[in-house]
Amino acid sequence: MRDLASIVATARELAAGPVRANAERTDALARWPEENLRALQAAGLAGLVVPAAHGGLGQGLVALAQVCEALGRECASTALSFGMHCVGAAVIASKATPHQARAYLEPIAAGTHLTTLALSEPGSGAHFYYPSVRLAAVDGGYRVSGAKTLVTSGARADSYVVSTVAAAPDAPPGHFSCVLVARDAPGVTWGPPWAGLGMRGNSSTSMELRDVALSTDELLGAEGDQIWFVFEVVAPYFLMAMSGTYLGLASAALDLARAHLERRTYQHSGASLAEVSVLQHRLGTLWAHVERTRRLVYWAAAEADARGPAALPALCSAKAEVAGCAVDVVNDAMTLCGGIAYRDDGPLARLLRDARAAHVMAPTTDLLRTWAGRALLGQPLLAP
Ligand SMILES: Cc1cc2nc3c(=O)[nH]c(=O)nc-3n(C[C@H](O)[C@H](O)[C@H](O)COP(=O)(O)OP(=O)(O)OC[C@H]3O[C@@H](n4cnc5c(N)ncnc54)[C@H](O)[C@@H]3O)c2cc1C
């Protein structure tokens, strides 16, 4: 069994190797970072959160945040695609049947199967837990119809955790279930290639499902379990994958700002920007922002891994804080790096565009703040 330090060391090596080397091209060409994901699979990291009993590394939220932070420092699109794979793997693992362990978890751990989540829909937007994709029970299985939007690794991952609502007219309201759909299942079609402002490598494609036939083996948990999956598994794993990703991005921006202050000297005076006290002050402020956010993220992850009492407000607040930290730190780093950084359309410009997704990826910052408050008040998160 590999320990956490060796897992994170491997992630850092890959981040400093292929992930860094491919980052610019991934962004410029809006290209899904296949080589990076294959390298992560080949290095044995794809089963990060898969239980050891199924060949995985058996890790939890702290490990997921650390691996995503290492990747997010170099390429946020890679970190997001890998993170969503891990969230999908955690969902499958949480109530896996023997068939699902054999067909999904073992290949995921062996590095031959990538998965992801297809929850968001055009109709419910940020309220991703209210699906309208219909699940109709038929003889021997189900038929699934409807549309998903913004599916990370869309058309590239092998399988998709798809949320649905029962189609039967007599089903109780809110009878939501999750199923697994294969990329090439008959009836699945993919929308145009993703060309977002940022996160340009993550292939956030739309997915249409027309009467897709599934066997009962592809139902996750029991019918009606979707809300359980969303709050017990999707939310914690997603929030920590995204927190790690955007923490890495903020750290990368901080490093670029520091390097610029050290490097930049003026011809007329010979003075370095590193000697200007107001810039020293600003750099120190950015460092503190990143470090206090890092402390919150890893404390939240540890609290949730230990099922501690503050896990829910901590997880919600961590991702909300990281989103603010990433946007603010990249923005200020851009100012510290001057017109040169703005002109060059270089790494900081990419970080600036990538950072903007942090607030709007559901659960969004505004919803997370509300959920944290409701958790502290002992109220149900989905209260009207
Ligand atoms: C790069 C990227 C990758 C993504 N990957 C995936 C993926 O892999 N799988 C997936 O399922 N989805 C994914 N999504 C979708 C994402 O998680 C969101 O569901 C989606 O972006 C919501 O967008 P919308 O335009 O419909 O927002 P809207 O629902 O229109 O919301 C707009 C704004 O209003 C705010 N708002 C709405 N209701 C409230 C309220 N009651 N209180 C306070 N504020 C509110 C929201 O917080 C948001 O800021 C991805 C999105 C992006 C940008």
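Ala, Val, Leu, Ile, Met, Phe, Trp, Tyr, Cys and Pro count here as nonpolar, Asp, Glu, Lys and Arg as charged, and the others, Gly among them, as polar. The model is predicted: local features need pLDDT of at least 70 and side-chain atom pairs count only at pLDDT 80 or more, while totals for chains, interfaces and linings use all residues. Residues are numbered from 1 along each chain as its sequence is written.

**Exercise 1. The ligand shell**

Find which residues are closest to the ligand, and which domains supply its shell.

*Solution.* Start with the neighbours, meaning residues whose C-beta atom, placed from the backbone, lies within 6 Å of the ligand. There are 24 of them, and the closest are Ser120, Gly125, Thr152, Ala362 and Thr364. Next, look for elements that give two or more residues: these are β1 (115-118), β3 (141-151), α11 (357-360) and α12 (365-376). Helices (H or I, at least four residues) and strands (E, at least two) are DSSP runs, numbered from the N terminus. Now sort the shell by type: 14 nonpolar, 9 polar and 1 charged. Finally, turn to the domains, whose bounds come from an automatic or database assignment. Because domain 2 (118-223) and domain 3 (227-376) both contribute to the shell, the ligand lies between them.

**Exercise 2. The nonpolar core**

Work out which helix gives the largest share of the largest nonpolar core.

*Solution.* Begin with burial: a residue is buried if 20 or more other C-beta atoms lie within 10 Å of its own, exposed if 12 or fewer, and partly exposed in between, with C-beta atoms placed from the backbone. A nonpolar core joins buried Ala, Val, Leu, Ile, Met, Phe, Trp, Tyr and Cys residues through C-beta atoms within 7 Å. The largest such core has 126 residues, and Leu64, Tyr237, Ala253 and Ala326 have the most contacts inside it. Helix α6 (residues 226-263) gives the largest share, 20 residues. For a closer look, take Ala253: beyond its neighbours within four places in sequence, its contacts (C-beta atoms, placed from the backbone, within 7 Å) are Val329, Val330, Ala333, Leu348 and Leu351.

**Exercise 3. Domain 1 against domain 3**

Describe the side of domain 1 that touches domain 3.

*Solution.* First, the C-alpha centres of domain 1 and domain 3 lie 21 Å apart. Their contact takes 24 residues from domain 1 and 26 from domain 3. On the domain 1 side, α3 (61-72) and α4 each give two or more residues, and α3 has the largest share, 11 residues. By type, this side divides into 16 nonpolar, 5 polar and 3 charged residues.

Terms used: Contact = placed C-beta atoms within 7 Å.
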